[in-house]
Every structure is written in C-alpha cells, then in structure tokens.
Amino acid sequence: MADLAIRRSYPPALYSHVLSYAQPLPSPPASRVVLDLGSGPGLSTFAFLPHFNHIIGLDPSKNMVDTANGLLEERRKKGEVEAGKVIEFRVGSGEDLGGLKSQSVDLAVAGEYVDGCGEKRSLTS
C-alpha cells in the first residue's frame, strides 16, 4: 500500500494546536466537519476521529484515495471507527475542493500540501 512505511505522523502537540481553532465553534461536536487537504493515505486524517463525526480526506491522487479507503475498511473491520462516524476520501484538489459547498466544513487542515494546490491564492480566497 503506497509508501506507508516512510510516512510519518505529526506530533500530538501539533494536533492539539490545530484542534484549538475548532474549540470555539458554535456547532455541536456531532455536526462538525473537518477537511484534510492532501490527505494521502489518510494517516493524519484518522487522527481527527476522536474530535469530529464527519471527516473528509481530499487528495489529487486516485491511488492515494484508494489506499486511504482500504485503510479505512481495515479500521472498520477492527472496530477502530465508531458507529455514526462519517469518513470519506475523495479525489480532488485545493482548487476545486472535490465539489464541496462553500462554508460546509468547520476546520480545514493541509499538512505538507500547499505545493499540491496549484495557484496558492485559492487557499485563502
């Protein structure tokens, strides 16, 4: 599966810092949506499982999305994904956002992905 052996995870302190931006959101945790841009095989995406009930991983590579969906299926079989959690991996980029509607996510993250977004202005506009 992809290059999982060489992929590293981010330190817990980084996740805590990123999640601090989501804490003041008015929506209840059950309805919160996180978008992971450049999710690759989903390794960092899965770290958001305890904090969000709807998780979207977006990656421009169909191979990465297929790998992420395979890992998701493995985690479901092992009981590592709670019932009611919506996790989806889609092919898309930082420019088209895989067809997501405006203001449909509560938190967007992009670890080491800016180079995959084409024109950088689309991330901030």
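**Close-up views of a predicted model**

**View 1. The four-stranded sheet.** In this predicted model, four strands make up an open sheet with parallel pairing, arranged in the order β3-β2-β1-β4. At its edges lie β3 (86-91) and β4 (107-109), each of which pairs on one side only. On average, and with direction ignored, neighbouring strands of this sheet are turned by 15° against each other.

**View 2. Strands β1 and β2, with helix α2.** Five bridges join strand β1 (residues 33-37) to strand β2 (residues 54-59) in the parallel sense, and Asp36 has Gly57 in β2 as its bridge partner. Helix α2 (residues 62-77) packs on the sheet, where it touches β2 and β3, and its direction makes about 160° with that of β3.

**View 3. Two aromatic pairs.** The count of aromatic pairs comes to two. One of them joins Phe46 and Phe89 edge-to-face, with 5.7 Å centre to centre and 65° between the planes. Because Phe46 lies in the loop between β1 and β2 while Phe89 belongs to strand β3, this pair ties together parts that are 43 residues apart in sequence. Phe46 is buried, with a relative accessible area of 6%, and Phe89 also counts as buried, at 7% relative accessibility. Phe48 and Phe52 form an edge-to-face pair as well, at 6.2 Å centre to centre and with 65° between the planes; Phe48 is buried at a relative accessible area of 4%, and Phe52 is buried at 1%.

**View 4. Arg75 and the ring of Phe46.** The charged end of Arg75 sits over the ring of Phe46, at 4.1 Å from the centre of that ring.

Terms used: Residues are numbered from 1 along each chain as its sequence is written. This is a predicted model: local features need pLDDT of at least 70, side-chain atom pairs count only at pLDDT 80 or more; totals for chains, interfaces and linings use all residues. Side-chain values use heavy atoms; hydrogens and water are left out. Two strands pair if DSSP finds at least two bridges between them. Helices (H or I, at least four residues) and strands (E, at least two) are DSSP runs, numbered from the N terminus. Axes are lines fitted to C-alpha atoms, for helices over the stretch in contact, and angles run from 0 to 180 degrees between N-to-C directions. Contact means heavy atoms within 4.5 Å. Rings of Phe, Tyr and Trp (its six-membered ring) pair if their centres lie within 6.5 Å; planes under 30 degrees apart count as stacked, over 60 as edge-to-face and the rest as tilted. Buried means under 20% relative accessible area, exposed over 50%, partly exposed in between (1.4 Å probe, protein chains only). A charge sits over a ring if NZ of Lys or CZ of Arg is within 6 Å of the ring centre and within 35 degrees of the ring normal.
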